[in-house]
Amino acid sequence: MRGKELLLDLLKKQAMISGQALADTAGISRTAVWKMINRLRRDGYCIDSAPGQGYSLKSIPDRLLPEEIQSGLKTRVLGRRIIHLPELESTQSKARELAGKGEPEGSLVLAERQTQGRGRLQRAWAGLPGSIFLSLILRPTTPAHKASHFPLLAGVALARTVHNCLPDLRPRLKWPNDLQLKGKKCAGILTELAAEPERIHYLLLGIGLNVNCPAGQLDPELRDIATSLQIETGGTVSRTILVRTLLQELEILYQTYQSQGFEPVKAQWKTWSNTLNKQVRITRIKQDLEGRALDIDEQGALIIQLANGRLRSVSAGDVSLREVA
Ligand code: BT5
């Protein structure tokens with residue numbers, strides 16, 4: 001542990017701790033302790049000091065600080081490096097720039113605000129206040145045509161994260177890349193990659209999750225289709241815990257995927273899905289399709305049965321999906 005993390009750790013464990021005890025345990029001078037305390041205060045930590053007694057941590061800032069996410073993070077690779085910025089146009093663009101320069105697998109780009117977030121097919125992702133905007137750099141050893149597995153893998157990890165952190169909510173996955181609560185979208189997933197047919201150079205897993213956005217702050221065009229964790233729970237949710245849990249869930253699934261392939265991921269996806277066994281309309285660039293969603297194939301494509309009984313599998317790339325009554 002580095003000095004700053006060690007100090008924070010000590011402050012969190014004791015209601016009050018003296019400057020001397022901090023210095024002794026961290027193996028640094030009293031002056032260095034004092035400087036670090038001031039740096040933590042500038043980062044937004046509220047630390048009281050009582051003359052002759054020591055320091056007491058009162059509150060941690062509501063920001064996605066790397067040291068907070070990494071404190072107690074049980075992953076080996078994912079989130080071991082975190083690039084956290086106050087504002088970005090898109091975490092995907094920043095992650096692409098870093099990945100192109102050799103940023104290792106597992107590095108995470110996080111922004112407090114995102115001004116030009118992207119969805120699929122040139123659509124926009126609204127940067128709602130109090131949300132999570134992140135892009136994870138992965139370097140899977142699978143061929144490029146298997147990249148279509150990743151939105152589903154990320155969806156399962158997201159659903160598990162929301163369920164673990166907020167057991168009263170019932171998150172559901174709408175194929176291919178939406179997380180919904182009571183039929184409204186609270187998170188979206190965007191995967192982009194740099195690849196040759198046989199090899200993925202890097203895959204960027206972009207996730208936007210609406211967390212502490214009150215109903216009144218939803219963009220008017222999103223009011224009927226979007227929601228946030230706060231709207232559904234009525235309370236504030238720790239974004240730090242959500243990101244930490246998400247990294248853990250993602251790593252477990254990613255390891256399963258690497259050792260056992262897509263089948264176990266697909267099986268889990270089906271348990272969270274609200275798409276299967278429903279009548280759906282698929283809007284495609286060429287021609288719309290309507291039918292009953294039956295299953296997911298080994299590529300992650302949706303298998304639908306058309307009115308004439310024939311089966312079609314539709315890949316995520318060029319569609320959006322609507323449930324029909
Ligand atoms: C997605 O696209 O759902 C993928 C969104 C990925 C966003 C993340 S944020 C971090 C990273 N950096 C980026 O630049 N992007 C990623 P798609 O399936 O195309 O859905 C887009 C549609 O969702 C829009 O056309 C709106 O209808 C709706 N939408 C936009 N913003 C939303 C929001 N904040 N919450 C819920 N729905 C939203």
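**Exercise 1. Polar contacts of the ligand**

Which atom of the ligand is 2.9 Å from an N or O atom in the side chain of Thr 91? Extend the list to Gln 114 and Ala 126.

*Solution.* The model is predicted.
Step 1. Take Thr 91. An N or O atom of its side chain is 2.9 Å from a nitrogen atom of the ligand.
Step 2. Take Gln 114. A polar atom of its side chain is 3.0 Å from a ligand nitrogen.
Step 3. Take Ala 126. Here a backbone N or O atom is involved, 2.9 Å from a nitrogen atom of the ligand.
Step 4. Apply the cut-off. A polar contact is a pair of N or O atoms within 3.5 Å.
Step 5. Turn to cover. On its own the ligand has 790 Å² of accessible area, and the protein covers 91% of that.

**Exercise 2. The shell around the ligand**

Locate the ligand, then describe its shell by residue and by element.

*Solution.*
Step 1. Find the site. The ligand occupies the largest pocket.
Step 2. Count the residues. There are 27 around the ligand, and those that come nearest are Ser 90, Arg 118, Arg 123, Lys 185 and Asn 210.
Step 3. Sort by class. The shell has 12 polar, 11 nonpolar and four charged residues.
Step 4. Sort by element. Helix 5 (91–100) supplies at least two shell residues, and so does each of several strands, including strand 5 (117–118) and strand 7 (132–138). Strand 10 gives the largest share, four residues.

**Exercise 3. Two neighbours in the sequence**

Are Ser 131 and Ile 132 buried or exposed? Place each one and give a partner.

*Solution.*
Step 1. Place Ser 131. This residue is in the loop that links strand 6 and strand 7.
Step 2. Classify Ser 131. Its relative accessible area is 1%, so it is buried.
Step 3. Give a partner. The Ser 131 side chain reaches the backbone oxygen of Leu 128 at 2.8 Å.
Step 4. Turn to Ile 132, a residue of strand 7. At 2% relative accessible area, it is buried.
Step 5. Look along the chain. Val 211 is 79 residues from Ile 132, yet their C-alpha atoms are separated by 6.9 Å.

**Exercise 4. Backbone geometry in loops**

Which peptide bond is cis? Then examine phi at Gln 122 and Lys 182.

*Solution.*
Step 1. The bond from Trp 175 to Pro 176 is cis, with omega near 0°. Pro 176 is in the loop between strand 8 and strand 9.
Step 2. Gln 122 has a positive phi, near 65°. Its loop runs between strand 5 and strand 6. Gln 122 is exposed, at 80% relative accessibility.
Step 3. Lys 182 has a positive phi, near 45°. Its loop runs between strand 9 and strand 10. Lys 182 is exposed, at 72%.

How values were computed:
Residues numbered from 1 in each chain as written. Predicted model: local features only at pLDDT ≥ 70, side-chain atom pairs only at ≥ 80, totals over all residues. Heavy atoms only, no water. Near = heavy atom within 4 Å. Polar contact = N/O pair within 3.5 Å; in protein donor to acceptor, adjacent residues only side chain to side chain. Areas by Shrake-Rupley, 256 points an atom, 1.4 Å probe, with all protein chains shown as cover. 1 Å grid on protein atoms, 1.4 Å probe; cavity = no way out; pocket = protein on both sides within 12 Å on 5 of 7 lines; lining within 4 Å. Sits in = over half its atoms within 2 Å of the grid points. Nonpolar A, V, L, I, M, F, W, Y, C, P; charged D, E, K, R; others polar. Buried < 20%, exposed > 50% of the residue type's maximum accessible area, 1.4 Å probe, protein only.
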